[in-house]
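Me: Please take a close look at one part of this protein, the sheet and the helices packed on it. Then tell me briefly what the rest offers.

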Amino acid sequence: MSLEDPYSILEKYLSAESYFVVGREFTRVDALEKALGRALFTEDYFVKYVYGNALFVKQVLSPHPHARIKGFHLKESLGVSGVRAVVTHRDIPGVNQVGYALPDQPLLAEGKVRYAGEVVALVAAESWERAVEASQLVKVDYEPLPYVLDPLEAMSRSDVLVHEEAGSNIAFRTKVRKGDVERGFSEADAVVENEYRTHHQEHAYLETEAALALPDSEGRVTVVGAAQHPHLARDITARVLGLPASRVKVVVPYLGGGFGGKDDEGPLTVAKAALVAYLTGRPAFIVYSREESIKVHPKREAAIIRYKSGANRDGKLTAIDVTIIHDTGAYANRAPFILWRATMHASGPYEVPNARVDGYAVYTNKVYQGSFRGFGNPSVQFAAERQMDLLAEKLGLDPVEFRLKNILRPGSRTLTNQVLDHSVGVGEALEKVSAKSGWFQKRREYSEYNRKAGRWRRGIGVGVAWHGISTSRGVPDWSNAVVKVEKDGSVTVYTGIVEMGQGSPTSSHVQIVSEILGVPPENVRVVFGTTEAPDTGATHASRGTGIGGIGVEVAAGKIRERLARLAGDILGVEPDKLVFRDGRVYPRDNPEKYVRWVDLVREAYAKGVELSATGYFFLPKGRFDDTVGQGFAYPAFSYIVVVSEVEVDTETGVVRVLRVWPALASGRIISPVQVEGQVEGAVVQGIGYTLYEQLVFDEKGSILNADFTDYVVPTVMEVPEVEKPIYVEDVYKYGAMGAKGVGEMALIPIPASIANAVSHALGVNVTRLPITPEYVLELTGSLKR
């Protein structure tokens with residue numbers, strides 16, 4: 001292989017004996033900007049550069065869950081002073097289709113509306129006040145239609161169809177068939193069967209959706225917008241406008257949180273602003289109010305999971321039989337992929353010889369489901385992990401011991417029969433976190449305490465989860481970046497990965513370049529989140545560093561190989577015996593004999609050595625048989641174990657999380673400080689999902705608590721003590737420097753961990769989320785009787 005071959009470069013840095021920058025404490029390059037309030041978000045660009053010249057865009061939302069659109073009356077709205085346009089589906093110059101997995105969703109409602117809150121028109125005016133006033137004067141003739149809000153009802157009905165053309169309210173099906181399930185249950189000495197229910201969750205990001213579109217005289221549009229994949233936003237916008245993608249430019253600045261929501265709604269927000277700008281020839285700015293954001297954008301799926309599992313007296317799982325039903329809402333969006341992930345993770349990170357799993361994504365007349373941190377996995381891991389605790393109890397085993405008997409290890413076969421040949425550190429993570437948390441002692445102590453306690457109960461619970469990294473099955477995934485060394489020795493990196501708080505382009509990407517080229521981090525600049533950079537894929541699926549950073553590593557590695565050959569000639573040393581560090585290049589055995597980095601770069605320019613490189617890496621994948629749900633599911637899995645300690649007030653029903661111990665098996669930890677921040681944030685978001693956050697719908701599917709007065713999220717008062725994470729570095733051969741995904745991990749097992757702790761404290765079976773005071777009182781009421 002060539003020294004510049006991507007596989008050779010990955011292997012070289014994967015097997016390095018030590019690192020100078022990677023794995024060390026590192027201050028992200030945007031830290032000061034954000035701390036001082038100088039970092040610019042989408043709305044800042046509008047206020048700083050365009051205010052006074054742009055049109056304000058206000059959305060008109062449907063009040064009906066299901067209705068036919070008979071006509072529009074716009075005269076009164078257009079008569080408001082300062083109104084420049086009222087845009088409906090009839091004005092779209094391209095294709096009014098923005099469906100992601102299925103072509104079932106318009107940008108602006110056409111023909112009929114399918115949920116209360118669907119966007120039917122855009123009003124553009126010279127001021128925000130005029131835009132709001134005019135939006136309230138838009139009249140739409142609706143013919144109300146029968147509607148369905150419950151997924152179980154929707155599955156059984158053919159007289160009320162959310163999408164008539166589909167012929168059914170079941171949008172998508174998935175399945176797994178492994179071994180002989182009936183035989184597996186016949187071999188079980190303990191069988192547990194339950195129905196679990198989880199709920200919609202709002203992303204609640206600090207920055208709502210926003211986009212600023214700037215048209216030019218040649219029919220091109222540039223959009224500054226809050227999206228997680230600039231190239232997807234560009235492609236959807238180009239389709240809506242009927243333009244070649246090359247005539248649309250999207251720039252994503254810093255995001256005030258994404259969590260998947262701006263992967264789904266971000267491109268649509270960009271397209272709306274671009275549509276108004278293109279039609280009017282004026283800059284156009286849209287920003288969602290908090291109420292609009294909650295009503296319009298997709299949510300975490302609500303799920304019904306029927307789970308039966310069995311194990312023998314030796315503590316080995318024998319079979320699982322699982323049915324997963326997702327409330328998809330009005331449009332499929334990413335529902336097929338969310339359901340697919342839930343289905344393929346239904347076993348939890350355990351070996352199960354016999355399995356039957358069926359999944360259903362079901363249309364209803366509610367706000368549709370979409371990407372959310374964990375992507376279909378928290379709900380199914382909640383069910384799987386509750387089952388593990390209940391089986392352990394039936395068998396008279398400790399929950400941790402039972403899990404260790406079944407945990408995935410190198411050489412194990414997953415639910416889909418995929419062989420895990422390396423990078424499987426979950427067993428070690430479970431052992432280490434149980435020891436650090438004092439699991440066995442506390443489990444005994446709290447059990448004894450609760451037998452004597454009155455009002456207050458204590459519990460400790462464990463949650464173990466796995467999460468496939470990157471896109472699933474054989475779906476193509478790649479990494480791409482451009483690295484360029486300037487004449488003064490500074491380095492510029494171009495990537496499509498965005499910065500939404502996780503720090504991939506502002507920490508790990510900088511560290512990778514600094515590690516490989518030996519350049520001080522302050523001399524590395526990353527240009528991120530723009531369609532003028534290579535398409536690096538979306539910043540989702542925990543791929544921002546582990547996958548997104550591969551292209552950076554490969555490009556920087558190519559440049560280093562070229563410079564190493566030149567430096568070797570200058571120093572009279574074999575290139576592979578050189579060290580690049582702290583702005584110098586020197587022989588490994590003689591640090592005093594060196595060439596300065598800046599001098600080496602000047603010499604390279606003088607000698608015609610190319611100092612820019614594209615780093616492209618196409619992820620190798622395997623085959624998958626969808627007819628039986630068997631085969632290669634994901635390139636790698638990250639693993640997370642969380643132990644939670646809770647206190648329950650049996651008089652008020654309030655659950656308080658006291659302490660959390662996380663352990664992460666996510667490959668190489670490139671930036672420990674950033675990972676720790678991701679874990680802490682995920683723990684808090686997971687606590688919100690588990691205990692507090694719940695969207696409430698009225699009888700017509702309208703969201704009643706579309707603001708932070710009534711939609712309850714954790715405050716600093718509810719944040720427990722989160723212990724420093726344990727890292728098991730089960731390096732992945734195709735990850736950047738051996739890294740896997742991190743951002744979603746800690747949230748996924750939090751619901752299970754807390755539910756198991758509450759069940760331990762109260763001696764009851766928790767099968768629903770959220771675990772509200774009302775639900776706890778319901779459980780303790782039955783306990784007291």
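Reply: Two strands pair if DSSP finds at least two bridges between them. Helices (H or I, at least four residues) and strands (E, at least two) are DSSP runs, numbered from the N terminus. This is a predicted model: local features need pLDDT of at least 70, side-chain atom pairs count only at pLDDT 80 or more, and totals for chains, interfaces and linings use all residues. Residues are numbered from 1 along each chain as its sequence is written, and side-chain values use heavy atoms, without hydrogens or water.

Start with the sheet. It is open, with seven strands in the order 3-5-1-12-9-10-11 and mixed pairing. Strand 3 (83-87) and strand 11 (248-251) form the edges; each has a single partner strand, so one side of each lacks a neighbour in the sheet. From one strand to the next, the twist averages 20 degrees (axes are lines fitted to C-alpha atoms, for helices over the stretch in contact; angles run from 0 to 180 degrees between N-to-C directions).

Now one pairing. Strand 9 (residues 210-215) and strand 10 (residues 221-225) run antiparallel, joined by five bridges. P215 stands opposite V221 of strand 10.

Helices pack on this sheet. Helix 5 (residues 128-135) touches strand 1 (55-61), strand 3, strand 5 (119-125) and strand 12 (284-287), where contact means heavy atoms within 4.5 Å. The direction of helix 5 makes about 25 degrees with that of strand 1. Helix 9 (residues 261-280) touches strands 1, 3, 5, 9, 10, 11 and 12. Its direction makes about 30 degrees with that of strand 9.

Elsewhere, look at strand 16 (residues 456-469). Here 12 of 14 residues are buried (under 20% relative accessible area; exposed is over 50%, partly exposed in between; 1.4 Å probe, protein chains only). Strand 16 pairs with strand 26 (residues 636-649) in the antiparallel sense, over 14 bridges. G468 has F637 of strand 26 as its bridge partner.

Helix 12 (residues 377-395) is largely enclosed by the rest of the structure, because 16 of its 19 residues are buried. At 1.5 Å a residue, helix 12 should span 27 Å, and its end C-alpha atoms are 27 Å apart, which agrees. The expected span is 1.5 Å times one less than the number of residues. Just after helix 12, G396 takes a positive phi of about 70 degrees.
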